[in-house]
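Q: I'm new to this one and would rather understand a single part properly than skim the whole thing. Could you pick a good spot and take me through it slowly, along with whatever surrounds it?

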Amino acid sequence: MRESAQGYARLGLKNEVERPVDRRVLALDVNGERTEQLLPVHKTLLEVLREDMHLTGTKHGCELGECGTCTVLVDGRPELSCLLLPIQLEGRAITTIEGLARGSELHPLQQAFAELGAAQCGYCTPGMLLAASSLLDSNKRPSSDDIREALAGNLCRCTGYQKIIEAIELAAGRMNRTGSPPLPSPPAGRANAS
Ligand code: FES
Ligand code: FES
């Protein structure tokens with residue numbers, strides 16, 4: 001008797017579930033700490049941060065590289081964690097939103113966002129803050145056009161962007177007066193790893 005379509009579908013699913021998963025021990029430098037984890041090589045950085053490292057500040061949006069809500073910093077530059085595989089990132093300094101504050105002291109950008117109401121639902125905020133901190137590292141006095149360009153890949157459904165731009169300008173002014181807080185350094189011995 002011929003196998004039904006449902007039967008084939010069940011068989012396909014069974015094969016998929018039972019397919020061996022390639023796992024590797026990967027050394028990742030996240031927020032200044034080195035961690036070694038046994039990870040399936042197909043998992044994205046976004047999945048590893050949220051599911052394996054419980055760093056849920058990195059938000060899960062489109063998973064297609066279009067919304068920017070999953071932004072993290074890699075060696076200080078904004079990258080989309082939904083499009084990165086951890087196996088590509090050994091020896092690179094990864095910063096998530098959990099690494100932006102210094103203990104109980106908010107980063108000036110976080111302070112300014114809170115003061116000006118630049119976060120509403122807050123879903124886009126971690127990505128916005130990290131993209132903005134990378135901008136201010138390389139451009140101490142950005143114009144509003146510079147800010148708009150730096151945040152072009154980060155979508156916000158709530159704020160209309162104006163408060164976000166004002167908050168970044170406020171933080172930039174304060175940081176120019178008091179100095180920028182540094183991002184976490186990679187652990188000793190990893191700083192020059194390629
Ligand atoms: S979740 Fe990565 S860009 Fe949308
Ligand atoms: S504050 Fe809600 S998406 Fe930006």
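**Around the sheet**

A: Let's start at a turn: β1 and β2 make a hairpin with two residues between the strands, and there Asn 31 has a positive phi near 55°. Keep in mind as we go that this is a predicted model.

The two arms of that hairpin are β1, residues 23-30, and β2, and they pair antiparallel through eight bridges. If you'd like one pair to find on screen, take Leu 26, whose bridge partner in β2 is Gln 37.

Now zoom out to the sheet that this hairpin belongs to. It's an open sheet of five strands with mixed pairing, and reading across it you meet β2, β1, β5, β3 and β4 in that order. The strands at the edges are β2, at 33-40, and β4, at 77-80, and each of those pairs on one side only. Going from one strand to the next, the twist averages 45°.

On top of that sheet sits a helix: α4, residues 125-138, packs on it and touches β3, β4 and β5 (93-95). Compare directions and you'll find α4 at about 30° to β3.

We'll come back to α4, but look at β3 and β4 while we're here. They form another hairpin, again with two residues between its strands, and Asp 75 in the turn has a positive phi of about 50°. β3 covers residues 71-74 and runs antiparallel to β4, with four bridges joining them. One to look for is Leu 73, which has Pro 78 in β4 as its bridge partner. That same Pro 78 is on the covered face of β4 together with Leu 80, while Arg 77 and Glu 79 are on the uncovered face.

Over at the other edge, β2 has a helix beside it too. The buried residues of α2 pack against β2. Which residues are buried in α2, which spans 45-52? They're Leu 45, Leu 46, Glu 47, Val 48 and Leu 49. After α2 comes His 54, with a positive phi near 60°.

Back to α4, as promised, because it has a helix for a neighbour as well. α3, residues 108-116, packs with α4 at an angle of about 130°, and their axes are 10 Å apart. That angle lies between 115 and 145 degrees, so α3 counts as oblique to α4. The crossing, as α3 passes α4, is right-handed.

At the contact, α3 brings Leu 109, Gln 110 and Phe 113, and α4 answers with Thr 125, Leu 129, Ala 132 and Ser 133. Sorted by type, the residues of that contact are four nonpolar, three polar and no charged. A handy rule for looking at helices: residues three or four places apart point the same way, because an α-helix has 3.6 residues a turn.

Finally, how does this part fit into the rest? The protein chain has six helices and five strands, and from the N terminus they come in the order α-β-β-α-β-β-β-α-α-α-α. Of its 194 residues, 35% count as buried. And if you take contacts between residues at least 6 apart in sequence, 63% of them join residues at least 24 apart.

Terms used
Residues numbered from 1 in each chain as written. Chains lettered and ligands numbered in written order. Predicted model: local features only at pLDDT ≥ 70, side-chain atom pairs only at ≥ 80, totals over all residues. Pairing = 2+ DSSP bridges. Axes fitted to C-alpha atoms, helices over the stretch in contact; angles between N-to-C directions. Contact = placed C-beta atoms within 7 Å. Buried ≥ 20, exposed ≤ 12 C-beta atoms within 10 Å, placed from the backbone. Parallel < 35°, antiparallel > 145°, perpendicular 65-115°, else oblique. Left-handed = near helix turned anticlockwise from the far one by under 90°. Nonpolar A, V, L, I, M, F, W, Y, C, P; charged D, E, K, R; others polar.
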